[in-house]
Every structure is written in structure tokens, then in C-alpha cells.
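Student: Hey, I've got a new structure to look at and no idea where to start. Can you walk me through it?

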Amino acid sequence: MKAGRKQWVGLAVLVLPVLLISVDLHVLSYALPFISASLAPSGAQLLWIIDIYPFMLAGLLLPMGTLGDRVGRRRLLMAGAAAFGAASAVAAFSPGADLLIVTRALLGVGGATLMPSTLSLIRNMFHDDGQRRVAIAIWTGAFAGGAMLGPLMGGALLEHFWWGSVFLVNLPVMALLLVLAPLLLPESRDPRPGRFDLLGVALSLGAILPTIYGIQHIAQDGLGWAPALAVVAGLTLGAAFVRRQRTMADPMLDVRLFGSRAFTVSIGANTLGVFAMVGSSLFTTQYLQMVMGARPLIAGLYALPSAGMAMLAAGLAPMLVRKVRPGLVVCTGLLVGASGFMLLSRLDVTGQSGLLIAGIMLMAGGVTLVLTVSSDLIIATAPPERAGSVAGLSQVATEFGGALGISLLGSIGTAVYRGHLAETGAPSAAFDTLGGALESARHLTEPAATTLAAAAREAFTQGQHYAMLAAAAALCVMAVLAPVMLRAVRQAKGTPPPPQDRHAGRHAMR
């Protein structure tokens, strides 16, 4: 049965939280200097202000997706919107760092309810394959567009208002969602949800939170005992979680879905695409502000062409998979993204704005094409009654991809940066980050200040060069594998249904 006008208007409502969550993930980096000046957080507090939101988001995505299958996806979406709006209001007026950390944690909880709810509602609102592809393309375009527009919005707000304004923009969007959702969105849930697995939730959190914590701190501080043990503990609990899910009659996550090659490869492509996109933003943001010297608003304007390319790629994806096998579309997107990273690897200290714009446009367009197709394959594999848990898993993969991108690409860039800077005899304070080096240079007299700043910028661009080459190589490897692994998935035919379980008909595709 094809969707009508009400479903398409409802999709516009679902796009609102997706766009906002994506913007919120990227806007804080521009506000951090203002938060530091206003609240004077300690180093540990500043780290928690940054980290607590993605930690809570990643840890709760899968449990919240499963909870939505049981209590109702629209109900969970509205509860999350109310919580997200309330936490945003408190965060904007936080008088101290501790309260801001708490409210950022609550924002993560609210965000974890929003993302899987929107994707699982799309799965249950659009049963026609072609319409579902278009709906997911719009959903992906909003997410990709938000990632690119976040810096622009943050820059514009911080040019004219105080740091709390980056949180207040959430309020009217969440209020509109709460008004429109009951009118335009259908309620859906698993008709036979089974028992909610509290131990499974604990194991899921125990697997995801320490693993992402360890990965991010290895990127920031290098390999050490504490982050390494956190990763090992997370992986151990993850293995226990998988074993438990295999033995349960009503699992939180049906691990047999990984028996579908389309599902597994799509999860991998999704993770790798976010890995590359988030990892690249770690460098391009610093390049714009610290190498080219752009103000926040100007730096945000550089994101507009790539945002347009991302939205164009998301719109083209449904048309391409009607004519070409999805595996070849994914391969093409990966190669286009890799070409963008090759261009970004050629950036130097002279500030090549044209090369930067071309690189991030190709990167954003190629990766968004991959994310759109892979998201559709993932959600098409999900039985409608389990759409929430599968949507949650898809978003967990996204969070892991982002954490790995920051960790691995950041580690490559940092190693090259430090090695290059060591040859110049720079002071030890300059070795951590480019920002630290430029701050050190401001306290030196000439010509030592100019010499250190120039050496740090040159070292940074060298690190960026090798990190972008690594991202390009990873995408090229996946581009070779994707058409082979997805060769059984044909254009405009959807994906093979997942394996049947012991409940007859429970996993049948509608």
C-alpha cells in the first residue's frame, strides 16, 4: 500500500528532530571557547562537557529503539522531544560547568529517543519500496545537511549572541514537534513485544560506553592503560551481550540479521562513511580557523556548498538504485568520497579555499550517497515490528564510526604533527595541538613567535595530508568489496527478508 499526503507531511515532521540532532552534534565545538571564558571549567569538566552527550547518545540508542518497539514509537518520540527541549533550556542558562555537564547528559538521553524513533516510524509509514527509499533519502539529506549547517548556525549565533543561544534554538523546533506529532504521525509498536530485557540493556550500555570512551581518549592522550582497559572491558561485555541475545526468545537485537549479507555490508558501509566524514571535519574545522584564519561565521559559510552537495546526493540515491544495483551505487559513492579526500590531502599552509571547497563537496556528496543507500538496506531488512531496535543499531554504528574517525584519523594526524614539529625544536607546550602551539607563539617575542606559528601550521597540514590519504584508502577498499558483497541485491527489488525465527511470520516483510 502506497503512502498518501498525510504520510509525506508526517515525514516533514520527522525531519525536524533529525536536522536538529545533527546540528547539535556539530555546533558545540564553536561555542567551547565562549563556554570556557564564561564558566571557567577545569580541563576534566571541559572534557565531560564535550564527551557526555555522545556517550549517552551512543549508549542508549539501542535500548531506546527497543523501548520504542514496546511502548510506541510516536509516544517515545514525543517524550524524548519534551526532555530534549527542557534540557536545552536549562543548558542555555547553566551558571556553572557541573550543571552544564548534567544537562548535556540529559540531552544525550533525549537524543537517543529521537533518532531510532524517526527511522522506525519511516519504516512503518512507507511500505512501498520506492517511497521508502525516497523517505530515507530525505531523512539522510536532513542529517547530512545538519552536519554541514551546524557550523554555519553556530558561527552566526556566536557572532551576535551568548553561548547559550546554541541550545535555545532547540526549543521552537521541539515545541512544533510536540504539537504536530499527534496529528500527523501514526502510532506503531511491536504487537508481541515480549519481556523487556533489563540485563540486556545493562550489557549494551556496558559494552558501548567504555569502548567509545577508550577510543576517544586514545585519540586525545595516546595509548594508555586506562583507555585500553576500557576498550577491552567494553568488547568483553559486548561479546556477553551477543551471547545473551542468541539465547533469548525475544531478544533486544536479533543477531541473526547479520546472516543477511546486505544488512552486514550496509552496517559496515554506514560506519565507514561516518568514520571518514567525522574524521575529516576534525581537520577541516581547524584548517579553516587556525591555518586560513577564518572567523566562526566565515568558517560556517564554507560548509554551504558541501551541504548542498549532500542534499543533492541524497535526492539522487533513490533514482540511481532504480536503474543500477545498490552495490554499484555504494561503490560509486565511496569512490567519489575518496576523490574528495585526495583533494583535501593536497591542502597546504597557503590557504587553498577552492581546493578545500571542492574536496569537502566531493566528500560530502559521495559519503551521503553511501549513507542513503546503506540506511535503506538496513531498515528494509528489519521486520516492521522490530524497526526500532534495528534503527537503534544503525545509529550505534554511526556513533562508533564517528568515534573511530576521530580516534584513528586524529591519531595519524597527531603523530605526524608531533614528528614534524619535533624537528624544529619547538617548546613542549606546542606539541599537543595546533591551538596550543599558536597560543604558545602568542607569548613569544619576534621572530620566534612567527617561526613557531609557521612551523605548527606546516606540521598540521602534513598530519592532515596523511590522515586524508588514510581515509581515501579505507573508502577505496570498501568500494572494491561493496559490489561483490551486495551483488545479490538488485535495483528496485528491496533486500532479501531476514531469517525467520521461531515465531511464525514474525519477521516477514510487509
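Tutor: Sure, we'll go from the whole chain down to a few details.

Student: What kind of model is this, and how many helices and strands does the protein chain have?

Tutor: It's a predicted model. The protein chain has 17 helices and 0 strands.

Student: What's the average pLDDT of the protein chain?

Tutor: The average is 78, and 85% of the residues score at least 70. Among the elements, helix α13 (residues 326–344) has the highest mean pLDDT, 91, while helix α11 (residues 296–301) has the lowest, 73. Over residues 493–510 the pLDDT is below 50, though that stretch has 51 contacts in the model beyond near neighbours in sequence. Where pLDDT is low, the predicted coordinates should not be read in detail.

Student: OK, new topic. What share of the residues is buried?

Tutor: Buried residues are 55% of the 510 in the protein chain. As for the outside, the chain exposes about 19500 Å², with carbon and sulfur atoms supplying 69% of that.

Student: Which residues are buried in α3?

Tutor: Among them are Leu76, Leu77, Phe84 and Ala91. Helix α3 covers residues 73–92 and reaches 28 Å from its first C-alpha to its last, close to the 28 Å expected.

Student: And which residues make the nonpolar surface patch?

Tutor: Val90, Leu99, Val102 and Leu106 make that patch, about 310 Å² in area. Helix α4 (residues 97–125) gives the largest share of the patch, 3 residues.

Student: Where is Leu99, then, and why can it count for a patch?

Tutor: Leu99 is in helix α4. Its relative accessible area is 34%, so Leu99 clears the cut-off of over 30% for patch residues.

Terms used
Residues are numbered from 1 along each chain as its sequence is written. This is a predicted model: local features need pLDDT of at least 70, side-chain atom pairs count only at pLDDT 80 or more; totals for chains, interfaces and linings use all residues. Side-chain values use heavy atoms; hydrogens and water are left out. Helices (H or I, at least four residues) and strands (E, at least two) are DSSP runs, numbered from the N terminus. The expected span of a helix is 1.5 Å times one less than its number of residues. Buried means under 20% relative accessible area, exposed over 50%, partly exposed in between (1.4 Å probe, protein chains only). Patches are made of residues with over 30% relative accessible area and no salt bridge: like charges are joined within 9 Å, nonpolar side chains (Val, Leu, Ile, Met, Phe, Trp, Tyr) within 5 Å. Accessible areas come from the Shrake-Rupley method with a 1.4 Å probe; for residues, only the protein chains shown count as cover. A salt bridge is a side-chain nitrogen of Lys or Arg within 4 Å of a carboxyl oxygen of Asp or Glu. pLDDT is the predictor's confidence in each residue, from 0 to 100. Contact means heavy atoms within 4.5 Å.
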